[in-house]
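Hi,

Here is the model I promised to pass on. Have a look at it first, and then read my notes underneath.

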Amino acid sequence: MNPREFEYHAPHSLDEAFSLLGKYGDESKILAGGQSLIPLMKSRIFSMPHIIDIGKIEGLRNIEINKSGARIGSLVTISDLESEREIAELFPAIHDAASQIADPLIRNAGTIGGNIAHGDPGNDLPAVLVTLGAVFVLRRSGGERTADASKFFIDTLETDVHHGEILTEIVIPRPGKKTASAYLKAKKSAGDFSIAGISTCISMEKDGSIGSIRMALTSSGPKVIEVTGLEEICKGKKDYNSIAEKVSVAAVSSAKPSDDFYGTVQYKKKVIGILAKDCLKLAMERAEKR
Amino acid sequence: MRSEKEMVTGRMQYIDDIVMDGMLHMTVVRSPYSFAKINAIRGGLNHTDFNSEMKSFGEGETGEETGPGETMFAGSHAFYAGQPVAAVFGKTKYESEDNADSVEVDYEPLKPIMNLNDSLKLGPVHGSMKSNVLKRTLLGKEFSIADSHIDLSDSFMMERIATNPIEGRGLVCHYDDNKLNVWISGQSMHSIKSGLCGTLNLPPDRVRVFHVDTGGAFGLKGGMYPEYAIAGFASMKYGKPVKWIETRREHLMASKPGRGVRGDITISARKDGKILGLKGKVLVDAGAFGGSIAEFSPRFIGYQITGPYAIGNVYVDAQALVTNKPPQGPYRGAGRPEASFLMERMIDRLADETGLDPVDIRLTNAATEPFKTPTGMTIPESRSFLQDAIRELGYRNFRKPERPGFSFFALLPASSPGEGARIRCSEGKVKVWLGGNTHGQGHEFFVKSLLSTEFRIDPGLITLEYADTDMLEKGEGSWGSRSAMVGGNAIIELARRIIKRIEKEEGHYAPEILLDGEYDEQDFVSYKKTLISYGANLVTADVDTYGNVHVKECRSYYDVGRALVPHMVRGQIIGGCMQGIGQTLYEEISYSEDGTLLTGSISDAGLPTAEKIPEFTVKYAENPSEFPHGAKGLGESPTIGVPTALARAIELASGKRIRNTPVRPDYLIG
Ligand SMILES: Cc1cc2nc3c(=O)[nH]c(=O)nc-3n(C[C@H](O)[C@H](O)[C@H](O)COP(=O)(O)OP(=O)(O)OC[C@H]3O[C@@H](n4cnc5c(N)ncnc54)[C@H](O)[C@@H]3O)c2cc1C
């Protein structure tokens with residue numbers, strides 16, 4: 001199918017974009033890589049009189065890595081994330097997730113900002129960024145604020161981006177020593193959204209015991225879900241076998257999957273349980289090697 | 001002629017590449033409900049303008065269609081989600097889609113029948129019927145066996161699947177000078193022509209149908225659809241060319257999907273694995289209307305249910321049942337994979353019951369001489385092929401714990417009633433028209449190969465022309481593993497007539513005489529038999545902790561008679577194996593109980609992707625057929641053999657009994 005008629009704007013600066021957003025208000029929508037928005041427009045599920053393509057704005061495509069961590073511009077594509085060596089080194093979960101999103105064509109166009117701002121509980125990067133403790137920079141005409149990844153996602157297709165704001169940067173703190181992350185995704189075929197996905201970030205103490213752990217789930221509820229109760233289970237523990245089952249149960253009890261064509265709640269919980277164990281194992285192995 | 005590279009990279013002239021002056025684009029407004037009463041329709045072209053009933057269905061047509069037939073637009077009721085309710089037009093695709101908003105329909109949703117159990121249990125969907133049984137056929141004879149040691153019963157379901165070629169349906173109609181000209185992506189120009197003549201009430205000399213490059217079909221494009229007649233009607237009404245191109249979503253909701261077959265089967269056997277009898281029910285999800293293939297399929301499945309085996313007692317109650325879904329259509333195999341699945345699954349079950357090797361049970365039951373089954377099918381001796389297949393596929397080389405799935409089947413091609421063809425030699429070139437229209441299989445290759453041999457001329461002088469119902473008077477279609485077999489037979493027959501004529505006129509035949517002269521032969525070359533051939537597959541697979549199946553190896557051994565163009569044979573087999581894997585693991589058209597389509601996108605409907613491709617071994621036997629070229633059928637073989645062998649491989653890897661396709665991960669680990 002083909003979209004309804006709309007007017008296309010392609011501002012070259014953030015200021016220009018803010019003034020267009022101001023001028024057209026509720027009649028306008030930001031377009032980044034278009035890989036979520038354009039399918040909705042083409043199927044006429046969504047239409048908007050004014051589309052503001054932010055793709056030509058300078059300065060939003062950088063990946064900057066420094067002592068305090070990474071600053072990733074919102075227009076950085078999923079492919080860029082996937083191929084950036086330092087990202088894979090510092091944040092393996094980002095690399096794991098990026099390389100499993102859709103297919104290469106979609107990854108070449110889709111952006112990190114769009115993946116987050118769309119608020120789709122099936123998108124893979126939100127869970128990763130929640131476990132990595134990322135902070136999002138939101139700019140508006142004459143100001144900016146930051147939002148914690150863990151508080152940013154409100155409901156299905158609903159985030160903390162207010163109208164008139166543009167997500168410009170994703171800031172991720174540098175991981176400490178013996179810290180590692182991992183992302184695993186259960187899916188039917190390459191290129192599919194997940195049946196469930198899970199991100200894990202683990203920090204080990206000097207003695208090899210777990211100091212802190214965060215896990216978050218994709219496709220397991222109306223929005224990204226952070227697994228609770230992990231610290232009590234894992235803190236001070238060294239042996240994977242002694243915690244795997246409990247971590248798995250914690251992940252399953254945090255999840256709120258629903259019945260759909262891809263499976264029943266019971267099946268999805270089973271998948272989440274296995275994913276949690278496999279991802280815990282992978283993250284622990286990676287952390288030990290650091 | 002197109003090269004294979006042009007074909008697979010899409011550099012062809014497809015239907016959507018056709019542009020005409022003043023052309024209108026058609027958008028079809030469809031029922032969102034699987035079953036609804038329509039109180040009023042305002043806007044667009046609708047049933048008050050055009051309400052003729054479907055005529056002539058193409059593949060699977062028996063002439064015994066009982067109805068109720070589909071009207072071109074829904075009238076008082078919409079009987080499936082996706083049924084055309086109105087059509088709108090515009091000078092561009094955009095304008096045409098915008099105009100869909102102007103159609104207002106007042107629907108009163110009704111409770112739909114979405115599965116076979118409800119179809120049997122609940123009252124008829126159509127007021128004109130007493131029950132939902134569209135057609136019932138009893139095959140074989142009721143029996144009882146006194147000395148049976150083992151009676152096994154089981155129930156199997158192959159869900160509906162979309163044909164999903166890369167290119168969906170589409171056509172351009174242009175009514176000009178009192179003649180309706182139609183360019184269409186298709187498998188059979190002559191079926192489309194008779195369908196259009198019937199629905200539009202036009203005499204044959206006022207409809208001309210042209211074939212264009214076709215990007216796959218798999219059964220989708222062998223027959224009539226309401227959209228075709230609506231586009232033709234609109235072109236006549238508006239006096240302009242009209243184009244309609246199906247979207248993928250329309251394909252998934254409103255084209256005719258295949259499979260949708262349940263079998264409740266009981267076999268009686270001795271402890272040594274000899275099967276004494278088979279009885280059961282075959283239930284086909286016919287969809288909302290008669291016609292197409294639904295009346296034919298249950299009988300066809302029942303008829304060949306015992307495949308290559310000599311089983312003395314058979315009794316099948318075969319029924320086509322009405323549901324609130326699009327009418328069933330043929331999908332690669334069209335009844336053959338269904339029959340084989342039911343038989344082969346029962347044999348594997350019997351192996352588990354008796355502790356015998358499933359392949360030994362197959363050997364015990366294979367026909368040692370020509371055998372007429374109680375359902376009336378005569379099969380040639382099959383045991384010796386099976387013995388060869390066991391060896392060629394390396395079955396006995398596997399050692400525990402590695403155990404492959406194995407299948408053995410009979411291919412019943414749609415060789416009857418033959419095929420129409422035309423050969424015209426003029427100005428040193430040989431042009432060929434065929435009644436069965438290539439939709440990506442590469443008919444050009446066998447045409448060139450066969451005719452260059454017959455005429456002793458350079459293959460570069462021979463071209464396969466686009467089919468066209470004015471250039472060729474009679475034709476059947478390309479489906480049912482028939483094209484090289486009966487199409488090839490037809491062109492050889494015509495070539496030999498031309499050669500005879502030259503010999504008569506000139507005293508002898510020489511290629512130069514042919515190329516210097518003018519010759520034109522056309523005919524429908526009849527062939528009224530079903531030329532059965534045998535095939536076997538071996539498949540190995542793993543199942544991981546998430547319930548994902550990984551197919552490791554897929555080996556094929558089919559009797560192709562003679563491989564006319566070996567690399568095309570290989571391509572047919574590998575592509576077909578992937579479709580067999582697709583049916584078994586991923587593909588499905590599914591609805592919720594309330595009739596909402598759950599598989600509205602291609603990723604939901606589940607095509608196998610590149611990472612799923614296993615290691616293939618392609619082997620074939622060449623036991624020449626009675627045709628002058630020696631070839632037998634092939635196209636459907638892999639879709640018959642692979643699902644059954646793969647189902648067994650999964651069963652062995654997972655320990656779960658496999659009764660349904662697709663085999664879903666949630667079943668394997670649930
Ligand atoms: C077939 C297919 C499969 C896919 N599979 C996956 C998958 O497996 N996993 C996965 O994670 N994703 C998947 N995606 C989604 C794809 O990764 C996302 O579409 C992409 O990441 C979104 O980014 P975009 O730049 O294309 O956003 P767009 O489509 O341009 O925008 C999406 C939304 O975000 C808003 N937006 C975008 N950028 C900003 C910004 N800077 N500030 C404020 N608002 C903004 C837009 O207004 C819009 O509402 C798939 C997409 C397709 C088409």
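Below is what I found, chain by chain, with one residue picked out in each.

Before anything else, please keep in mind that this is a predicted model.

**Chain A**

Let's start with the overall build. Chain A contains 12 helices along with 14 strands. Its C-alpha trace stretches over about 60 × 45 × 30 Å when you follow the principal axes. How does the radius of gyration of chain A fit with a compact globule of 290 residues? It agrees, because such a globule would come out near 19 Å and chain A has 19 Å.

As for the inside and outside, 51% of the 290 residues in chain A are buried. The chain exposes about 12700 Å², and carbon and sulfur atoms supply 50% of that. If you take the contacts in chain A with a separation of 6 or more, 62% of them are between residues 24 or more positions apart. On the charge side, there are 37 positive and 38 negative charges in chain A, and their mean positions sit 5 Å apart.

You can also read chain A as a set of domains. The division gives domain 1 (7–51), domain 2 (63–173) and domain 3 (179–289). Domains 2 and 3 of chain A touch each other: the contact takes 25 residues from domain 2 and 23 residues from domain 3. Going by C-alpha atoms, the centres of domain 2 and domain 3 of chain A are separated by 20 Å.

Now zoom in on A:G142. Where does this glycine sit in chain A? You'll find A:G142 in the loop that joins strand 6 (135–140) to strand 7 (143–148). Is A:G142 buried or exposed? With a relative accessible area of 86%, A:G142 is over the 50% cut-off, so it counts as exposed. If you want a distance to check in your viewer, try A:G142 to A:D259: they are 117 residues apart along the chain, and their C-alpha atoms are separated by 45 Å.

**Chain B**

On to the other chain. Chain B has 17 helices and 26 strands. For its 670 residues the globule rule gives 26 Å, and the radius of gyration of chain B is 25 Å, so chain B is as compact as a globular protein of that length. Along the principal axes, its C-alpha atoms fill a box of roughly 75 × 75 × 45 Å.

Of the 670 residues in chain B, 64% are buried. Its accessible surface comes to about 23900 Å², with 48% belonging to carbon and sulfur atoms. Among contacts in chain B with a separation of 6 or more, residues 24 or more positions apart account for 81%. Chain B carries 76 positive and 86 negative side chains, and the centres of those two sets lie 4 Å apart.

The residue to look at here is B:S119, which is part of helix 3 (residues 116–121) of chain B. Its relative accessibility is 2%, and the cut-off for buried is under 20%, so B:S119 counts as buried. Which residues does B:S119 touch, leaving aside its neighbours within four places in sequence? The list is B:I113, B:N132, B:L321, B:V322 and B:T323. For another distance to try, B:S119 and B:E553 are 39 Å apart, C-alpha to C-alpha, with their places 434 residues apart in sequence.

Cheers

Methods:
Residues are numbered from 1 along each chain as its sequence is written. Chains are lettered from A and ligands numbered from 1 in the order in which they are written. This is a predicted model: local features need pLDDT of at least 70, side-chain atom pairs count only at pLDDT 80 or more; totals for chains, interfaces and linings use all residues. Side-chain values use heavy atoms; hydrogens and water are left out. Helices (H or I, at least four residues) and strands (E, at least two) are DSSP runs, numbered from the N terminus. The radius of gyration is taken over C-alpha atoms; the globule rule is 2.2 Å times the number of residues to the power 0.38. Buried means under 20% relative accessible area, exposed over 50%, partly exposed in between (1.4 Å probe, protein chains only). Contact means heavy atoms within 4.5 Å. Accessible areas come from the Shrake-Rupley method with a 1.4 Å probe; for residues, only the protein chains shown count as cover. Lys and Arg count as positive and Asp and Glu as negative; His and the chain ends are not counted. The place of a charge is taken as NZ of Lys, CZ of Arg, CG of Asp or CD of Glu. Domain bounds come from an automatic or database domain assignment.
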